[in-house]
Amino acid sequence: MLASKLPQVGTTIFTRMSQLAAECGAINLSQGFPDFDGPDALREAVGRHVMAGANQYAPMTGLPALREQLALKIQQLYGRSVSANDEVTVTPGATQAIFCAVQAVVRNGDEVIVFDPCYDSYEPAVQLAGGVCVHQALRLPDFSIDWPALEAAIGPRTRMIIINSPHNPSGALLSADDLERLWKLIRDRDIYLLSDEVYEHLVFDGRRHESVLRHADLYQRAFVIGSFGKTYHVTGWKTGYVIAPPALTAELRKVHQFVSFTAVTPLQWALAEFMAAHPEHLAELPGFYQAKRDLFCSLLAESRFAFTPTPGTYFQLADYSAIRPDLDDVAMAEWLTREHGVAVIPVSVFYQNPPADLRLVRFCFAKRDETLREAAARLAAI
Ligand SMILES: Cc1ncc(COP(=O)(O)O)c(C=O)c1O
């Protein structure tokens with residue numbers, strides 16, 4: 001029998017819930033992807049570039065035109081001037097970017113601090129690098145960092161800290177003050193930062209995204225991860241990027257070169273063209289998703305779910321204690337899917353040790369308004 005290198009990994013909850021939703025004919029608010037398409041001009045550009053012959057390997061680091069668009073965006077949004085050649089790398093998805101950044105830095109026996117609830121790809125990447133994840137629970141109810149606990153968790157073997165803002169699944173945002181506190185904690189230690197910012201444009205109520213790219217010192221230790229899939233409503237394109245200072249980028253590229261070598265060529269041409277022609281897309285994105293959040297939340301207010309409107313991402317958490325306190329959240333997610341036709345994600349699956357009384361499920365509101373109306377009507381009827 002082959003001894004598994006990832007014995008704890010099975011089929012993910014996202015796959016299971018999407019399968020169950022399909023089996024039951026339920027509305028799928030579980031997995032995080034839109035049920036609408038990306039912009040016409042973007043999709044049309046892919047077909048055009050395929051027909052025009054952009055079908056061979058792109059440069060390993062990404063198409064220069066796309067890297068330049070990313071550098072321009074970072075300058076405009078976060079006031080940081082990064083070199084398109086030495087600090088920007090295009091990858092086949094943020095997941096692959098995270099994997100490569102972890103492999104580039106984490107050595108056998110190193111510890112990586114992650115904050116629970118946390119995205120499910122971090123731990124397997126760390127394990128495959130020979131490292132160990134040290135899980136720090138975020139403080140409920142606002143999913144903020146427990147600073148004394150974090151300080152206590154940092155030790156001589158800590159090699160990396162992974163942060164994620166806006167945060168999946170809670171939508172919580174890190175503040176400028178949080179980044180400064182983090183810097184003070186790692187300043188005198190040999191610790192790197194992986195900042196998963198795939199929801200960077202999904203920040204609501206006029207707040208601004210506090211990217212690590214705004215913090216000159218932290219950035220010198222950081223891999224900042226982005227995803228075109230989230231930003232342009234094309235999750236199936238699996239195209240992402242990493243921004244990191246030149247020395248870290250050089251190490252990241254050594255891994256990326258042999259994991260995938262490059263990202264898909266015509267998609268990169270289309271994205272570069274669309275970013276140049278439609279800068280308004282980024283400016284409109286927070287409003288677009290805030291309207292969906294507000295629609296969903298105003299309808300969900302008619303139900304017995306308890307919630308605070310999310311400050312970021314396209315996820316809304318809700319407490320179901322008033323409906324089925326007897327069910328744990330995995331059973332609740334199945335019950336909602338089978339009995340009420342709405343598939344959701346239980347929050348406990350994002351934890352190593354979930355709090356015993358956790359009664360939270362996650363709804364994805366990256367859906368057409370009619371999908372949200374129908375789902376909310378079903379939820380309000382429970
Ligand atoms: C927090 C977080 N990081 C990374 C990813 C992966 O992004 P991609 O589809 O570009 O690999 C996701 C996707 O759901 C996510 O929620």
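L150 counts as buried because its relative accessibility is 0%, and this residue of the predicted model is found in helix 6, which spans residues 147–153. Leaving aside residues up to four places away in sequence, L150 touches I113, F115, Q136, I145, L182 and L185. One of these contacts, L185, stands 35 residues from L150 in sequence, while the C-alpha atoms of the two residues are 8.9 Å apart in space.

A second buried position is H215, which lies in the loop between strand 6 (192–196) and helix 8 (216–219). H215 counts as buried because its relative accessibility is 11%, which falls under the 20% cut-off used for that class. When residues up to four places away in sequence are not counted, the residues that H215 touches are R80, L179, E180 and W183.

The two positions are set out together below.

| Residue | Location | Relative accessibility | Residues touched, beyond four places in sequence |
|---|---|---|---|
| L150 | helix 6 (residues 147–153) | 0% | I113, F115, Q136, I145, L182, L185 |
| H215 | loop between strand 6 (192–196) and helix 8 (216–219) | 11% | R80, L179, E180, W183 |

Turning to the strands, an open sheet of three strands has the order 9-12-11, and its pairing is antiparallel. The edges of this sheet are strand 9 (315–319) and strand 11 (345–346), each of which pairs on one side only. Strand 9 pairs with strand 12 (residues 360–364) in the antiparallel sense over five bridges; within this pairing, F315 has C364 of strand 12 as its bridge partner, and D319 has L360 of strand 12. Although strand 9 is an edge strand, it is mostly covered, with four of its five residues buried.

Another antiparallel pairing joins strand 2 (residues 88–91) to strand 8 (residues 240–243) over four bridges, and in strand 8 the bridge partner of V90 is Y241. Both faces of strand 2 are covered, since V88 and V90 on one side and T89 and T91 on the other are all buried.

These local features belong to a protein with 14 helices and 12 strands. For its 382 residues, a compact globule would have a radius of gyration near 21 Å, and the value of 20 Å found for the protein therefore agrees with that expectation. Taken along the principal axes, the box filled by the C-alpha atoms is roughly 55 × 55 × 50 Å. Of the 382 residues, 57% count as buried, and among contacts between residues at least 6 apart in sequence, 75% join residues that are at least 24 apart.

At the surface, the protein exposes about 15800 Å², of which carbon and sulfur atoms supply 53%. How many positive and negative side chains does the protein have, and how far apart do the centres of the two sets lie? There are 34 positive and 43 negative side chains, and the centres of these two sets lie 2 Å apart.

Conventions: Residues are numbered from 1 along each chain as its sequence is written. This is a predicted model: local features need pLDDT of at least 70, side-chain atom pairs count only at pLDDT 80 or more; totals for chains, interfaces and linings use all residues. Side-chain values use heavy atoms; hydrogens and water are left out. Helices (H or I, at least four residues) and strands (E, at least two) are DSSP runs, numbered from the N terminus. The radius of gyration is taken over C-alpha atoms; the globule rule is 2.2 Å times the number of residues to the power 0.38. Buried means under 20% relative accessible area, exposed over 50%, partly exposed in between (1.4 Å probe, protein chains only). Contact means heavy atoms within 4.5 Å. Accessible areas come from the Shrake-Rupley method with a 1.4 Å probe; for residues, only the protein chains shown count as cover. Lys and Arg count as positive and Asp and Glu as negative; His and the chain ends are not counted. The place of a charge is taken as NZ of Lys, CZ of Arg, CG of Asp or CD of Glu. Two strands pair if DSSP finds at least two bridges between them.
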